[in-house]
Amino acid sequence: MTKSEDGRGAAAEAAAEGPHGSDGGLAGAFFDAAIGLLQQVREGESKNFGAAGALLADTVAEGGRVFVFGSGHSALPAQDVVYRAGGLAVLNLLTVPGTVGVDVRPATLGSALERVDGLAGAVLDSSPARAGDLLIIISLSGRNALPVELAMNARALGLRVVGVTSVAYASETRSRHTTGTFLKDHCDLVLDSRIPVGDAELTAEGVATRFAPASTVVTSAMMQALVATAAGELAERGIDPPLLRSGNVDGGHDWNAQVMEQYADQVLYR
């Protein structure tokens, strides 16, 4: 797909030009924009998903631990794959107090903490992460100190790092880390969400700024695609993937208890 001058794909830009999407109204326009971004990711990142899925499968097969981190709204896709029916049981949320979602007051505190130098090192030093583990870092912009230092420190400790980020920010904004680098510069693999800078897909007459962010929809889909790829990779190797079942179906809790017991050293949220 071609991109417009502000980095948006053709489908997303067409949806943003007016109040009527293919299904009518701004709701339809947003769906068109989100679908356009998902198509860009599917077409442009297929090889990277294969490589990242293999890396995740390697970690599981080798007995390593898998951590997922995201701050602010980027915490939502991270939380979406942890202790999730139909998902891999071995994904653990790496938390930094004050940055997981918008549950602090004032809510702007979380944004401020993302810019604090040295916080990432303290978090990793007090975590159960060890050499050979895998850390998946979700950061839309990848420009703040926290995700950059988290990736740098993780690799220094011997962890492998997958970054889920919008690469566009690296060419259209400045890093907020002292090195001048972005998350993407410190990863073993990068999955590009293709989200345009500003994360707002629509415009409308009478609305003074762009609106309707799509990063959560797209990034959550990317995380589920990564988990699905890893599960398939494990199965191809003859390893039964440690998948959870819904607790709302008969036998689900018993199934999950067995999986967690089998992978007790890799499931850290129990």
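**Close-up 1. Helices α2 and α9 cross in this predicted model.** Here you can follow helix α2, residues 25-44, as it meets helix α9, residues 215-236. Their axes come within 10 Å and cross at roughly 35°. The crossing of α2 and α9 is right-handed.

**Close-up 2. Side by side, the residues where α2 and α9 meet.** From α2, look for F30, A34, L37, L38 and V41. Their partners in α9 are V217, V218, A221 and M222. The contact of α2 with α9 divides into 9 nonpolar residues, with no polar and no charged ones.

**Close-up 3. An open sheet of 5 strands.** Reading across the sheet, the order is β2-β1-β3-β4-β5, and the pairing is parallel. At the edges sit β2 (91-93) and β5 (189-192), each of which pairs on one side only. From one strand to the next, the twist averages 20°.

**Close-up 4. Strand β4 alongside edge strand β5.** Strand β4 covers residues 160-165 and pairs with β5 in the parallel sense over 4 bridges. A handy place to find your bearings is G163, which stands opposite V190 in β5.

**Close-up 5. Helix α3 packed on the sheet.** Helix α3 spans residues 46-61 and touches β1 (66-70), β2, β3 (134-138), β4 and β5. If you compare directions, that of α3 makes about 130° with that of β5.

Note on methods
Residues are numbered from 1 along each chain as its sequence is written. This is a predicted model: local features need pLDDT of at least 70, side-chain atom pairs count only at pLDDT 80 or more; totals for chains, interfaces and linings use all residues. Side-chain values use heavy atoms; hydrogens and water are left out. Axes are lines fitted to C-alpha atoms, for helices over the stretch in contact, and angles run from 0 to 180 degrees between N-to-C directions. Helices (H or I, at least four residues) and strands (E, at least two) are DSSP runs, numbered from the N terminus. A crossing is left-handed if the near helix is turned anticlockwise from the far one by less than a right angle, and right-handed if clockwise. Contact means heavy atoms within 4.5 Å. Ala, Val, Leu, Ile, Met, Phe, Trp, Tyr, Cys and Pro count as nonpolar, Asp, Glu, Lys and Arg as charged, and the others, Gly among them, as polar. Two strands pair if DSSP finds at least two bridges between them.
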